[in-house]
Amino acid sequence: MTNTRAARHSGPALTVVGLGAAGASLAWRLVDAGVPFEVVEAPRSADVRSPDRTWSTWGAAGPGPFGHLVSASWPRIRLVAPDGAVVTADLGAWRYRSLHSTDLDRAVRAKLAAAGVPVHERVLTGPAPGPAVDTRPVPLPGTGRTLLWQHFLGYRLRARRPVFDPAVATLMDFRTPQPAGGVAFGYVLPTSPTEALVEYTEFSADLLTDAQYRDRLGEFLRRSGTGPHEVVGEERGVIPMTDARFPASGEPGVLRWGAGAGSIRPSTGYSFTTLQRQADALAAQVARRGPQGLTLPPPHRRRHLLMDSLVLEALTSGRVEGAAFFVDLFRRNPVHRVLGFLDGTTTPAQDLALMATSPRAAMLSTVVSRVVPGR
C-alpha cells in the first residue's frame, strides 16, 4: 500500500537515513505531510545502531507530536549539592517529561507501515543516495576549543521500600566524587515510590571502564539511600559536548542532520527538543517544494553557543567548579529562565540576567584567556 497523498509531489523520493531521534521525528512529519520518501535503517543487530535510551524534554506542551508517547512526567525538579543541600523548583504549568526510544521506534515503524513507506534495513557504508537527509553520526571535527564527553550508566530499578518521590525529578545529585576538569552527578527519574531510572553521569575528557561505571553508580545508590533493590534494565550512552562546528556533508543533494550536524546542545548534551524544531522546518520545506535543496535551520542561537563554549572551557580549565556552578545557577535564577536557556528559548535580556548570577571572575578570566594568549 502506498500513500495516495504522495501524488501531490513529483520527482525523486527523499531518503531518510537512520531512525534514531532525528530520523524518526522527520519521518513522522513526512507521513503526515503526504510526501513520498523511503527510509534506510541499520538492522537491529548492527553495531552502528544507537542503544535504547530515555529522552527528556520540558515545557508547557509535549515533545512535538509525541506527547502520547510520554512515559512519565514531573511537576517539580531538584538539584542536590555535594553537602546534601537541596534546591527544589516547582515548574508550574510546565512539566519535565521522558519518553523511551523503544516506544518511539515502535510507533514510528507502525506509522510508516500503515502509510506504505518503504523501510530498507541495511548498513549503509557509503554516501547516502541523494536527495537524502542523513542522520548517521560522523567523526567529531577537530576545530573546537573544548571537548567533553557526557557518558553514563543507568539502572531501571525496583527498590524494596518506598524511597522515591514520583512527583520530583532529580536532574543533578552531586553526592559523588568529582572528576578534575569535569563534573559527575546522579540523575533520578522516579515513576513510583519504589521504581526509578537512576543514572551515574560524568562530563569529562575520558571514559570509564564498565567496572568503574558500575562501582560509581553503586556508590551513588548507597549514598543516596536507595537501599536493597532489583535491577530490571540498563541504559548507557556517550554524548559529545563540544564547541566545534560541524561541516556540511559535501555530497550533492545530501543534508546531514542530527548529532553529526551540531543538534546536540554543547553545554548539556540535550537534543530532543531541538530536533523537534528542526524536523518541523525540514518537513515544511519538503512539503512546500520537494526534497531538493533542503537547508537546515540553525540548531542553536549564536549567543547561546558562545555562552556554552565559555562554560565548557571554564569547566575543563578548573576555573569553575562544576557542582557549585550548576547548583548556584538554579538557586539564583527562576527555574523557567534556566530551563529556557538550556532549551535555547531565552531572550537576550534573560541571558544577561542569567550571566549576572554566574561566577563572573572565572568567566571573565576565560574570556580574557581567549583574547590574550597564555593568560
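How many bridges join strand 5 to strand 11? Hold that thought for a moment, everyone, while I set the scene.

What we have here is a predicted model, where local features need pLDDT of at least 70 and side-chain atom pairs count only at pLDDT 80 or more, while totals for chains, interfaces and linings use all residues. Residues are numbered from 1 along each chain as its sequence is written, and side-chain values use heavy atoms, with hydrogens and water left out.

Let's begin with the whole chain. It has nine helices and 15 strands; helices here are DSSP runs of H or I with at least four residues, strands are runs of E with at least two, and both are numbered from the N terminus. Along its principal axes, the C-alpha trace spans about 60 × 55 × 40 Å. For 375 residues, a compact globule would have a radius of gyration near 21 Å, and the chain agrees, because its value is 21 Å. That radius is taken over C-alpha atoms, and the globule rule is 2.2 Å times the number of residues to the power 0.38.

Now back to my opening question. Strand 5, residues 76–80, and strand 11, residues 168–173, run parallel and are joined by five bridges. One detail for those of you following on screen: Arg78 has Thr170 of strand 11 as its bridge partner. For two strands to pair, by the way, DSSP must find at least two bridges between them.

Those two strands belong to an open sheet of seven, in the order 6-5-11-12-13-10-14, with mixed pairing. At its edges are strand 6 (86–90) and strand 14 (229–242), each of which pairs on one side only. From one strand to the next, the twist averages 15°. Angles in this talk run from 0 to 180 degrees between N-to-C directions, and axes are lines fitted to C-alpha atoms, for helices over the stretch in contact.

Two helices lie across this sheet. Helix 5, residues 302–317, crosses strand 10 (147–159), strand 12 (183–192) and strand 14, running at about 85° to strand 10. Helix 6, residues 322–331, lies across strands 5, 6, 11, 12 and 13, at about 145° to strand 5.

On to the other sheet. This one is open too, with five strands in the order 8-2-1-9-15 and parallel pairing. Strand 8 (119–121) and strand 15 (254–256) are at the edges with a single partner strand each, so one side of each has no neighbour in the sheet. Neighbouring strands here are turned by 20° against each other on average, direction ignored. Strand 2, residues 37–41, runs parallel to strand 8, and three bridges join them; Val39 has Val119 as its bridge partner in strand 8.

Which strands does helix 1 touch? Helix 1, residues 21–33, packs on the sheet against strand 1 (14–17), strand 2 and strand 9 (132–134), and its direction makes about 150° with that of strand 1. Contact, throughout, means heavy atoms within 4.5 Å.

While we are near strand 9, have a look at Pro131, in the loop between strand 8 and strand 9. The peptide bond from Gly130 to Pro131 is cis, with omega near -5°.

Finally, helix pairs. Two packed helices are described by the angle between their axes and the distance between the axes. The axes of helix 1 and helix 2 (residues 101–115) come within 10 Å and cross at roughly 30°, which makes these helices roughly parallel. Angles under 35 degrees count as roughly parallel, over 145 as roughly antiparallel, 65 to 115 as roughly perpendicular and the rest as oblique. Among the residues making this contact are Trp28 of helix 1 and Leu104 of helix 2.

Helix 7 (residues 335–343) and helix 8 (residues 348–355) pack at about 110°, with axes 10 Å apart, and are therefore roughly perpendicular. Their contact involves Arg337, Val338 and Phe341 of helix 7 with Gln350, Asp351, Ala353 and Leu354 of helix 8.

Helix 8 also packs with helix 5, at about 15° and with axes 11 Å apart, so that pair is roughly parallel. Here Arg303, His304 and Met307 of helix 5 meet Pro348, Asp351 and Met355 of helix 8.

Thanks, everyone, and I'm happy to take questions.
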